[in-house]
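Visitor: Before we begin, I should like the terms applied to this protein to be justified one by one. Please set each value against its criterion.

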Amino acid sequence: MSAPSTRRTNIALAVLVVGFLSFQVALVHPRAQTASGSAAPAAATSAVSNVSAAKDPGPRRGDPGAGKPIDGLSGPELEYFNSALAEFSSPETVSEGLGPRMNLNSCSGCHLQPAVGGSSPAVNPQFAFASQDGGTDAVPSFITANGPVRETRFVKNADGTPDGGVHAIYTISGRSGATGCQMQQPDYDTQLAQHNVIFRIPTPTFGGGLIESIPDQTIIANAASNAPTKNSLGIQGRPNIQVPGRTVTGQTNNNGNDGTVARFGWKAQNKSLLLFAGEAYNVEMGISNELFNTERDETATCQFASVPNDTTNMSAATPFDALSDIEKFAIFMRFLAPPTPSSTTPGGAKSIANGSQLFNSTGCALCHTPTMQTGNAAVAALQNKAVNLYSDLLTHGMGSGLADGVSQGQAGPMEFRTAPLWGLGQRLFFLHDGRASDLIAAIRAHRSTGSEANGVIGNFNNLSENQKQDLLNFLRSL
C-alpha cells in the first residue's frame, strides 16, 4: 500500500513517540529454568517475613525491560526492526482503509504495556477513540478509561447457531474522510442482556519470533513429558492443530492437509506471526490485506480505499517500502525481544528463588513450561535459543468459570492456550477477558468445574501465606 504524505508524517511522529516509550536499559539477565515433575508443594520455609495474608505486589515499576530487538540481529535486520516498529506504531486513516468497522486505529494502541508490543495499557485508548477525528460512536459500558482494551465476540447468531467472530466496537461514521458513511454500532445493550458477548484483551507479542521458531516436535514432546504427574492432577492439554490461512471461528477446522501446531492467540488459533498480523489488521482495524482480502463490511457508501487495502507495493523505492504492512508487523514481532525479568524485585532474591521452586513443586510448571528451545531458524539470532516463555503452547480445558462459549480451530468453549508468563511482572490485566487485575484472583479463577488446573490450584491454596507470597513475588519478577 503506497503511503501518502500524511502517513509519512504519522510514522515520523510515531518514531519519536516510540523512542520515548521504549527507551530502556537492561538491568539483569533472564534466568534459565526447568520444569519439575513433582506435584506436591515444597515444604521449604518461606523466604519472606511472616505475613497475615499474601498479596499481589502489583505491577513491577521502573525500567520496562521490554520493547527492544532481540540480540544478535544483523545490521539490515536491525534496520528492518526499527522501521517495522515505526509502522507498528503508526495510526491508520480512512483513506488507508481504516474501518468501516474497527476497534482502534493502530497496533501499538492495544499493545503498549509496558512498552510497544506488550498488552493493554493503563489508559485505554478505545475510550477517547470513540469521538476521535469527528467520530460519532458511543462508548459502550464495558469500555472504560482505566479498564482493559477489549474486543468483543458474540457467542451465537440470532438464529442460535454458533458465531464466535469479532464484532468491531466502532465505525468510521463522522470521521474525517468518511463523508456519506452512516453505520450503526452493534446493539450491545441487547447482546449483553442476553449474555451473548464475550471479551478478549490483547496478547503480548514479546518474543514472538522465538515462539514461532520452536519446532512442533519440541512442543509435542513437552506435552508428553511428566505424564504420570500430569495425569494425577488431571492435566491433559493438546496442540490446537490449525491450517495456515484458514482461521475459522465458530467451528472446528478439520482440514488435514497441514496438521502443524498453531500457537498464537488466546486459543492458539493462529499458526504464524504473519497470519496473526493479517487477521488483526482485518478484524481490529478493518484493513483488508493479502491474507484477508475481502472487506468485513461491504456497505457501498463506506468504502474509501481500493481492496485489499494493504498490498505489496511493486513500485516502492526500497525493499522495506515494498513490503505490505502485515509483513512489516510480522517482522517487528519476530525480532522483538522477550521481557527481561528481575532477580531482586519484588521481595528480594531469596523470596524470588523460593517462589520459583514453589512454582515447580505446586505443578504450575507442568502447563507453564519455563523453557523450550528453538530449532534451526532461518534468522541466525533465533537459532537454537532458549525460550523462557512459561507456556507449553497447548490448549487446556479451563473449566466452566473461564469458559466463553466460543470455539476456534479445534479449541472448544472451555479451552485456552497456556498464556506465556514472561513479562507478567509488569502486566496490568489478566485472563483472556481482562476480568482480573490481581494475581491471586487470576490464579484462583483457574479453578472451576471441569478445569484441568483444579489440582494445581488446590496445591496453591494449601501453601502457607508466606509461601504464597514467595510465589507471587516470583511471578511479578518475570
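The conversation below takes up the overall make-up, the cysteines, one helix, the aromatic pairs and the cores.

Visitor: What kind of model is this, and how many helices and strands are there in the protein?

Guide: The model is predicted. There are 15 helices and 11 strands in the protein. Of its 478 residues, 56% count as buried. Among contacts between residues at least 6 apart in sequence, 72% join residues at least 24 apart.

Visitor: How do you know that C181 and C302 are joined by a disulfide?

Guide: The two sulfur atoms are 2.0 Å apart, and the criterion asks for cysteine sulfur atoms within 2.5 Å. The pair therefore qualifies as a disulfide. The structure holds 1 disulfide. The link of C181 and C302 is right-handed, with 95° about the S-S bond.

Visitor: Which parts does the pair of C181 and C302 tie together?

Guide: C181 belongs to the loop between β4 (170-171) and α5 (188-193), and C302 to the loop between α9 and α10 (319-322), so the link ties together parts that are 121 residues apart in sequence.

Visitor: Why are C181 and C302 called buried?

Guide: Buried means under 20% relative accessible area. C181 has 1% relative accessibility, so this cysteine counts as buried. C302 has 2%, so this residue is buried as well.

Visitor: Why is no bond assigned to C110 or C367?

Guide: The closest cysteine sulfur to that of C110 is in C107, at 8.1 Å, which is too far for a bond. For C367 the closest is in C364, at 9.0 Å, and this is also too far. Both distances fail the requirement of 2.5 Å. C110 nevertheless counts as buried, at 10% relative accessibility, and C367 counts as buried at 15%.

Visitor: What makes T362 a buried residue, and what does its side chain reach?

Guide: The relative accessible area of T362 is 1%, so the residue is buried under the 20% cut-off. T362 lies in the loop between α12 (349-361) and β8 (372-373). Its side chain reaches the backbone oxygen of F359 at 3.5 Å.

Visitor: How do you know that the span of α9 agrees with its number of residues?

Guide: At 1.5 Å a residue, the 13 residues of α9 should span 18 Å. The end C-alpha atoms of α9 are 17 Å apart, which agrees with that expectation.

Visitor: Why is α9 described as largely enclosed?

Guide: Of the 13 residues of α9, 10 are buried, so the rest of the structure largely encloses this helix. Among the buried residues of α9 are L273, F276, Y281 and M285. Just after α9, G286 takes a positive phi of about 75°.

Visitor: How many aromatic pairs does the structure hold, and why is that of F88 and F329 called edge-to-face?

Guide: The structure holds 13 aromatic pairs. In the pair of F88 and F329 the ring centres are 6.0 Å apart, and pairing requires them to lie within 6.5 Å. The planes meet at 85°, and over 60 degrees counts as edge-to-face, so that term applies. F88 is in helix α2 and F329 in helix α11, so the pair ties together parts that are 241 residues apart in sequence. Both F88 and F329 are buried.

Visitor: What makes the pair of Y390 and F474 edge-to-face?

Guide: Their ring centres are 6.0 Å apart and their planes stand at 70°, so the pair is edge-to-face by the criterion of over 60 degrees. Y390 lies in the loop between β9 (386-387) and β10 (395-397), whereas F474 lies in helix α15 (residues 465-477), so the pair ties together parts that are 84 residues apart in sequence. Both Y390 and F474 are buried.

Visitor: Which residues do ring pairs link into a cluster?

Guide: The cluster linked by ring pairs contains F81, F88, Y281, F329 and F332.

Visitor: Which residues have the most contacts inside the largest nonpolar core, and which helix gives the most to this core?

Guide: F332 and L389 have the most contacts inside the largest nonpolar core, which has 64 residues. Elements that each supply at least two residues of this core include α2 (75-89), β5 (197-200), α9 (273-285) and α11 (325-334). The most comes from α11, with 6 residues. Not counting residues up to four places away in sequence, L389 touches I211, I214, T369, P370, M372, P420, L421 and W422. A second, separate core of 34 residues includes L233, C364, Y390 and A453.

Key. Residues numbered from 1 in each chain as written. Predicted model: local features only at pLDDT ≥ 70, side-chain atom pairs only at ≥ 80, totals over all residues. Heavy atoms only, no water. Core = buried A, V, L, I, M, F, W, Y, C linked by side-chain atoms within 4.5 Å. Buried < 20%, exposed > 50% of the residue type's maximum accessible area, 1.4 Å probe, protein only. Helix = DSSP H or I, 4+ residues; strand = E, 2+ residues; numbered from the N terminus. Contact = heavy atoms within 4.5 Å. Polar contact = N/O pair within 3.5 Å; in protein donor to acceptor, adjacent residues only side chain to side chain. Expected span 1.5 Å × (residues − 1). Phe/Tyr/Trp six-rings, centres within 6.5 Å; stacked < 30°, edge-to-face > 60°.
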